[in-house]
Structure formats: C-alpha cells, structure tokens
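Subject: Structure for your review

Dear colleague,

Please find below the structure that I am handing over to you. My notes on what was found in it follow.

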Amino acid sequence: MIKRAALLLLLFQAGYAQVGHARAEPLPALTREGLQALNLAQASMAFHSVAGANNETPAVADLYQTALINGGFAADTITITRQDDTAYLVLRWQGHDPSLKPLVISGHMDVVAANPSDWMHDPFKPVTENGYLYGRGASDMKMSNALAITALIHLRQQGFVPDRKIILALSGDEETEMKTGQTLARMFSNAAEVLNLDVGGGVLDEETNRPLFYTWSGAEKTYADINLSVTDPGGHSSEPRPRNAINVLAAALLKIQAHPFRPELNALTRSYFMNAARFSSPRLAAAMRVFAATPDNAKAVSILRAEPSLVGSIGTTCVATTIRGGHALNALPQHADANINCRIFPGHSRLDIIHDLIEIIADPSIHLQDQSAGTVETQPSPLDTPFASAVTRAAQTAYPDVPVFPSMSSGASDSMWFRARGIPSYGACPIFMKASDNFSHGLNERVPLSAITPGLHFLLSLIPTLSGR
C-alpha cells in the first residue's frame with residue numbers, strides 16, 4: 001500500500017495526474033494549488049479506505065503525510081498511528097505563542113462501502129467528467145481533506161506562522177466504529193475549538209449555479225441504533241397460531257412509523273429556518289417561518305415533515321433500517337428482530353427515547369436494546385464566539401455577499417467526541433455545490449470541479465483567522 005501511495009504522490013506532485021480516462025471537457029482554469037488539490041483528491045480516492053478486509057485507510061494517511069512533507073512540513077511533525085484495521089493522522093504546526101490553546105482541524109480518511117457493479121464508473125477509480133470528479137469519497141470527504149492539506153501547505157510556503165498551534169487530526173473510522181475520532185478528542189482535550197470540515201457547506205442554485213447561502217453547524221443530533229427483538233417457540237407452518245414473531249415485530253414497526261415525535265426548536269434551528277426560508281418555495285418558506293415562531297403549529301409541522309431534507313431538523317426521528325426473521329421456509333418463526341435508527345434532538349438522552357419507544361410499542365414481549373455504545377449525547381456549541389464572524393468572512397471571500405447562517409446537523413460526526421469534552425466544535429465544509437449533486441454515501445458520488453477554487457479561498461481565509469489570538 002505504501003508503494004502505491006508513493007506512486008500516486010508522484011503524479012500529484014507533477015501536477016497533471018489524470019486518474020481515469022472519461023474526461024468529456026477540459027478542466028476549468030485552476031491555479032497551481034487548485035490542480036494540486038484535485039490531484040491529491042483523486043489519488044486518495046483511488047484507495048479502498050473501507051472498514052474490514054483490505055482496508056486501505058493507512059495508505060491514504062501515507063499519501064497525505066508525503067504530500068505534507070514535500071510541501072515543507074518536517075517529518076517529525078506528522079504521525080500516523082495504526083488502530084485496529086485503520087489509522088489516524090496528526091500534523092502539529094507550532095504557533096508563535098505556546099500558551100494559547102490549539103486549533104484542531106478535523107476530518108476523516110475513511111469512506112462507506114460501494115459496489116462497483118452498481119456505479120456508472122468504478123467508485124475507486126476516480127474520473128473527471130462533465131465538470132465533476134466522480135468516485136467514492138468525492139464529497140465525503142476526500143476533496144475537503146485535499147483542500148485543507150493544500151491550504152496548509154500554501155500558507156506555510158507563503159511564510160505564515162499561526163499564533164496558536166494548528167493540529168490537523170484526520171480519523172480513520174468515522175463511517176463505522178468512530179474509535180479513532182474518540183482517541184483524537186482525548187489526545188487534544190486542551191483544544192480551544194475544532195474546525196470540522198465534514199459538516200456544513202455552501203448551496204448553489206439549481207438553475208444558475210450561483211451561490212444561494214452557506215451554513216455552518218454548531219450542533220448535531222445524537223445517533224442511536226436500537227434493536228427490537230421478538231422470540232417465540234415457533235412450530236410447523238401448516239399450523240398457524242394467533243401469535244407470530246414476525247407479525248408481532250411488524251405491528252411494532254408500524255406503530256413507530258406512525259408516531260410523530262414532538263416538534264422542537266433550538267437557537268440554531270430557529271436561525272436556520274428563518275434564514276433558509278428566503279431560498280425556499282412560498283409554501284415551504286411560510287411553514288418554516290411559522291414553525292420558527294410557533295413550533296406547535298400543526299399545519300407548519302405537517303408541511304415540514306413531508307420534506308425529507310427538513311424533517312430531521314424539527315425533532316427526533318426514528319426509522320426502521322434493517323429487519324431479520326425466521327429460520328426456515330416451512331416453519332413458524334422463532335425469532336424476529338429489527339434495527340431502529342434514531343437521530344435524537346439535543347436535550348434528550350438515548351434512554352429517554354428508548355422509554356418513548358417502549359410506550360409507543362406497548363408490547364412487553366418485545367425486547368429493546370441500545371446498540372449505539374459508540375456515540376455520546378452532546379449539547380450545542382456556543383454561538384456567541386468569534387467563529388460566526390470568521391466563517392462569514394471566509395464564505396464571502398469565496399463568494400462575496402453570500403448569506404451565511406448556522407444550522408444543526410442530523411449527526412453523527414467526530415465533533416461529538418470534542419463537544420462531549422466541553423470543546424466547541426463547528427462544522428464548516430469548504431465545498432459549495434447544488435443540493436441535487438449531493439450523493440454522499442450513495443451511487444455515483446461526485447463533487448463539482450468548480451468547488452475547488454472557492455474552497456481554497458474559504459480555507460485560506462478561515463484557517464489564519466481561527467489560528468490567531
């Protein structure tokens with residue numbers, strides 16, 4: 001894996017790497033740094049950095065380390081640490097004043113699995129085509145990593161020295177176990193704040209491709225997986241009985257599906273609804289404004305719940321994601337179980353939601369078990385900090401006068417490990433794209449090449465500001 005990383009790095013350094021051959025039009029005009037960011041993103045996307053057998057996340061870390069060293073950072077400022085089948089990377093850039101708490105720039109190197117037979121192109125053979133970079137990790141989040149590394153190299157080569165230490169902390173299992181993110185939060189529990197490049201971002205107009213707005217995240221919902229299980233003696237399928245484990249479980253799932261959790265607001269979501277209403281259809285905008293003022297308004301709640309992109313912002317959601325049952329085609333089931341995935345509004349614990357589900361199901365024969373030990377409940381980061389003005393200035397450096405406002409993420413990201421330790425963490429992805437181009441975790445994931453230059457402008461403004469006094 002290390003040899004492959006070195007080979008791809010040579011292409012990256014040469015400034016003309018073309019991984020794949022499906023280029024339908026010339027690349028947009030890019031600066032040297034922009035082309036370096038593109039090539040580094042392509043090189044990293046070629047690695048199968050997926051949890052399990054043949055996990056190449058350590059090779060991505062090797063690639064990034066070599067890029068940073070060749071960009072001028074000393075080798076002894078960068079460490080790669082193996083953990084289970086993955087690894088995490090840390091860059092420490094010393095600042096002028098060692099008494100200042102460090103700025104942590106957070107991201108992750110792993111990606112979710114992808115089946116090549118389902119994709120238009122092999123997900124691990126990135127290609128540029130029709131103005132996009134295609135491949136697993138394009139938007140989540142190897143382009144963001146490449147932009148951050150390129151920005152740090154550029155700043156250093158221009159003679160910039162931060163006031164406070166900058167720590168680039170890239171985890172290796174954010175999409176699965178999230179152990180490395182927890183390790184990094186423990187290592188840097190003295191951080192002043194965290195800039196998480198995995199969350200937030202800019203939205204472009206679907207028709208004109210012009211910037212509509214930029215949102216940053218100051219909170220996220222708690223992730224929870226809750227197992228529902230039913231057991232039964234079973235029997236011969238030719239002798240059906242009133243109780244059937246699969247039917248009992250199905251009835252419980254339908255009750256959960258029909259249950260509306262209480263609509264809720266906090267300062268972040270109220271700000272989001274009031275600001276985002278300006279860019280929505282008249283009907284949706286009216287509902288957003290009414291909900292921001294009176295969250296118990298049934299009509300507004302009904303309209304927002306019908307919109308998949310907004311339903312997660314108005315309260316806790318719980319949805320069935322997997323189901324298993326039965327042991328033979330000609331036998332009554334002895335067991336059936338399902339996973340309920342919940343995204344819990346801040347202020348509620350996982351135990352609170354389990355108690356709610358027990359009441360909703362109202363069947364003591366169904367056993368519920370929390371299977372989300374790898375997540376923690378956190379409160380929103382403070383809003384009255386200099387971060388808001390810094391990210392506004394950065395976004396408007398990329399796109400002058402673009403509206404900027406806060407939001408809440410549906411969770412979970414590595415920010416939760418820092419927030420759980422009382423460290424403010426803010427999501428601010430450097431990428432602007434159309435909502436219709438967002439295929440993170442899905443088929444044919446892509447990122448527009450036009451996002452590269454604005455993304456660099458964004459980070460070259462934000463990083464120096466946050467690393468100052």
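I begin with N130, which is partly exposed, having a relative accessible area of 45%. The model is a predicted one. N130 sits in the loop between strand 4 (127-129) and strand 5 (132-134). The phi angle of N130 is positive, near 55°, although the residue is not glycine. Such a value deserves a note because most residues other than glycine have a negative phi.

D84 also has a positive phi, of about 55°, and is likewise not a glycine. Its place is the loop that joins strand 1 (78-83) to strand 2 (86-93). With a relative accessibility of 57%, D84 counts as exposed, because the cut-off for that class is over 50%. N130, at 45%, falls in the partly exposed class, which lies between 20% and 50%.

A further point of backbone geometry concerns the peptide bond from D140 to M141, which is cis, with omega near -10°. Most peptide bonds are trans. M141 belongs to helix 4.

Helix 4, which covers residues 138-157, also holds T150. Is T150 buried or exposed? T150 is buried, with a relative accessible area of 3%. Which residues does T150 touch, once its neighbours within four places in sequence are left aside? The contacts of T150 are E33, Q36, A37 and L456. As for P240, which is 90 residues from T150 along the chain, the C-alpha atoms of the two residues are separated by 65 Å.

S349 is buried as well, at a relative accessible area of 18%, because the limit for that class is under 20%. This serine is placed in the loop between strand 14 (335-344) and helix 11 (350-361). Apart from neighbours within four places in sequence, S349 is in contact with I344 and E377.

UniProt, in an unreviewed entry, lists residues 220-364 as "domain: Peptidase M20 dimerisation". Over residues 220-364, helix accounts for 41% of the chain and strand for 23%. The C-alpha atoms at the two ends of this stretch are 32 Å apart.

I turn now to the protein as a whole. It contains 14 helices and 19 strands. The radius of gyration is 23 Å, close to the 23 Å that the globule rule gives for 469 residues, so the protein is as compact as a globular protein of that length. Along the principal axes, the C-alpha atoms fill a box of roughly 75 × 50 × 50 Å.

Of the 469 residues in the protein, 54% are buried. Among contacts between residues at least 6 apart in sequence, 79% join residues that are at least 24 apart. The protein exposes about 19,800 Å², and 53% of this area is supplied by carbon and sulfur atoms. Its side chains include 36 positive and 42 negative ones, and the centres of these two sets lie 3 Å apart.

When you open the model, you may wish to begin with the two loop residues that have positive phi, D84 and N130. The cis bond between D140 and M141 and the buried residues T150 and S349 may then be viewed in turn.

Yours sincerely,

A colleague

Definitions and conventions:
Residues are numbered from 1 along each chain as its sequence is written. This is a predicted model: local features need pLDDT of at least 70, side-chain atom pairs count only at pLDDT 80 or more; totals for chains, interfaces and linings use all residues. Side-chain values use heavy atoms; hydrogens and water are left out. Helices (H or I, at least four residues) and strands (E, at least two) are DSSP runs, numbered from the N terminus. The radius of gyration is taken over C-alpha atoms; the globule rule is 2.2 Å times the number of residues to the power 0.38. Buried means under 20% relative accessible area, exposed over 50%, partly exposed in between (1.4 Å probe, protein chains only). Contact means heavy atoms within 4.5 Å. Accessible areas come from the Shrake-Rupley method with a 1.4 Å probe; for residues, only the protein chains shown count as cover. Lys and Arg count as positive and Asp and Glu as negative; His and the chain ends are not counted. The place of a charge is taken as NZ of Lys, CZ of Arg, CG of Asp or CD of Glu. UniProt positions are given in the numbering used here, feature names are shortened, and annotations may be inferred rather than shown by experiment.
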